[in-house]
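Let us look for the empty spaces in a protein and see what fills them. Short questions will lead the way.

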Amino acid sequence: EAKAEGRNTFRFFEPGMAAAFIARNQLETDLQAALRQEAFSLRYQPIMTLASGRICGFEALLRWDHPTRGPVAPSEFIPLAEETGLIVPLGDWALRRACLEAAAWPKDMRVAVNVSAVQFQRSSLEGSVAEALRASGLAANRLELEITESVLMQNAVAVVSSLMRLRATGVRIALDDFGTGYSSLSYLRRFPFNKIKIDRSFIVEIEDPEVAAIVRAIVGLGARSGAAITAEGVETERQLDRVRQEGCTEVQGYFFSRPLTADQARLFIAAATAADEAPRALIG
Ligand code: C2E
Ligand code: MG
Ligand code: MG
Ligand code: MG
C-alpha cells in the first residue's frame with residue numbers, strides 16, 4: 001500500500017537524527033552570532049627550544065565560550081566554521097588578535113596561528129596577513145602560519161606560490177600534525193617549510209621502537225632542509241627525554257604548560273625571564 005510505502009520511505013528520519021540536525025543548525029546560527037558578539041578568545045600555548053630551554057614562542061588556539069553550552073571544543077566548531085565559510089572572518093580575527101598580542105612580547109618570541117585550507121580557497125590570506133602585521137606592528141618573521149597537509153592537497157600549485165610569496169615577506173610556514181595524513185613525505189618536497197610539527201600521536205607512542213625510528217627519520221628530513229622540528233603534546237618528563245634523544249629541536253605540551261589566556265602568557269614570560277636572569281643577577 002501507498003501509505004505503508006510512504007512510511008517506509010521516511011523511516012530513516014529517526015527522531016534522534018532530527019534532533020542532531022536541529023542541534024547542528026542551532027550551533028551554526030550560534031557560531032554566526034558569536035562572531036558578531038566576539039564570544040571567541042585565544043589561548044596561547046608556549047613552545048620551548050630544547051637547546052636553550054627558553055620559550056621561543058606561543059601557538060594561538062581558538063576558544064568558544066557558548067552562552068548556554070559552555071566551552072565548545074575547536075574539534076567541534078572549526079569543521080562547522082569551515083563548512084559554512086565562517087572560518088574566513090573567524091580566521092582573520094584570530095590572525096589580527098594573535099599579532100596584536102605577540103607585539104607586546106619580547107622580540108625573540110613568535111606567535112603561531114593555525115590556518116585552514118578554506119582560508120586559502122575562499123579568501124586572500126596574503127592580504128589578511130599583511131593587514132594583521134600592519135595593524136599590530138609585528139615583524140613578519142615573528143609570525144608563523146601552521147598549515148596541515150590538507151592545505152597542499154587542493155590546488156597545490158596556487159597554494160604553493162601563495163606560501164612562497166608569504167615566505168618571501170618573512171612570514172614563517174610550519175607543517176602541522178605531521179605524520180597523520182596520507183602521503184606526508186611527498187608534501188615535504190612541495191614546499192620548504194620552516195618547521196615540522198610531529199603529531200602528538202607519535203609522541204604518545206614514542207616508547208615503541210618503530211615509532212621512535214619514524215620520529216628519528218622525520219628529524220633527519222628536517223635537518224637536511226634546515227627546518228625546526230617540534231614535538232607536539234609532550235606530557236611527561238620521560239617523553240621530553242625521548243624526543244630530545246631523537247633530535248627534536250622544540251617541544252610543546254602539557255608538561256610545560258596548557259594553553260594560557262593572554263594575561264597568563266604574559267606572566268609565564270615574566271616568570272621565565274626572571275628565572276633566566278636570576279643566576280646572572282646573583283653573580284653580578
Ligand atoms: P593543533 O593545531 O594541532 O593544536 C594542538 C592541539 O593539541 C591543541 O588542541 C592543544 O590544546 C592540544 N595540546 C597541546 N599540548 C597537549 C598535550 O600535552 N596533550 C594533549 N592531549 N593535547 C595537547 P585544541 O586547542 O583543542 O585545538 C585543536 C585543533 O583545532 C588544533 O590542533 C587546530 O587544528 C584547530 N584550531 C585551533 N585553533 C584554530 C584556529 O585559530 N584556526 C584554525 N583553522 N584551526 C584551529
Ligand atoms: Mg597547530
Ligand atoms: Mg598540531
Ligand atoms: Mg594536532
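A pocket is found on a 1 Å grid over the protein atoms alone: it is an open set of points with protein on both sides within 12 Å along at least five of seven lines, and its lining residues have an atom within 4 Å of a point. A cavity is a set of points where a 1.4 Å probe fits but cannot get out. Ala, Val, Leu, Ile, Met, Phe, Trp, Tyr, Cys and Pro count as nonpolar, Asp, Glu, Lys and Arg as charged, and the others, Gly among them, as polar.

This is a predicted model, where local features need pLDDT of at least 70 and side-chain atom pairs need 80 or more, while totals for chains, interfaces and linings use all residues. Residues are numbered from 1 along each chain as its sequence is written, ligands from 1 in the order in which they are written, and side-chain values use heavy atoms, without hydrogens and water.

Q: By class, which residues make up the lining of the largest pocket?
A: The largest pocket has a volume of about 1000 Å³ (the space filled by probe spheres set on the points, which are joined across faces, edges and corners). Of its 35 lining residues, those closest to the centre include Glu59 and Asp176. The lining divides into 14 nonpolar, 11 polar and 10 charged residues.

Q: Where does ligand 1 sit?
A: A molecule sits in a pocket if more than half of its atoms lie within 2 Å of the grid points. By that test, ligand 1 sits in the largest pocket.

Q: How far is a polar side-chain atom of Glu235 from a nitrogen atom of ligand 1?
A: A polar contact is a pair of N or O atoms within 3.5 Å. Asp177 makes one at 2.9 Å, to an oxygen atom of ligand 1. For Glu235 and the nitrogen atom, the distance is 2.5 Å.

Q: Which strand gives the largest share of the shell around ligand 1?
A: The shell has 20 residues (each with a heavy atom within 4 Å). Strands are DSSP runs (E, at least two residues), and helices are runs of H or I (at least four), numbered from the N terminus. Helix 3 and strand 6 each supply at least two residues. The largest share, 4 residues, comes from strand 2.

Q: How much space lies in the largest cavity?
A: The whole structure has 1 cavity of 30 Å³ or more. Among the residues lining the largest cavity are Ile47, Phe58 and Lys195. Its space is about 50 Å³.

Terms used:
Polar contact = N/O pair within 3.5 Å; in protein donor to acceptor, adjacent residues only side chain to side chain.
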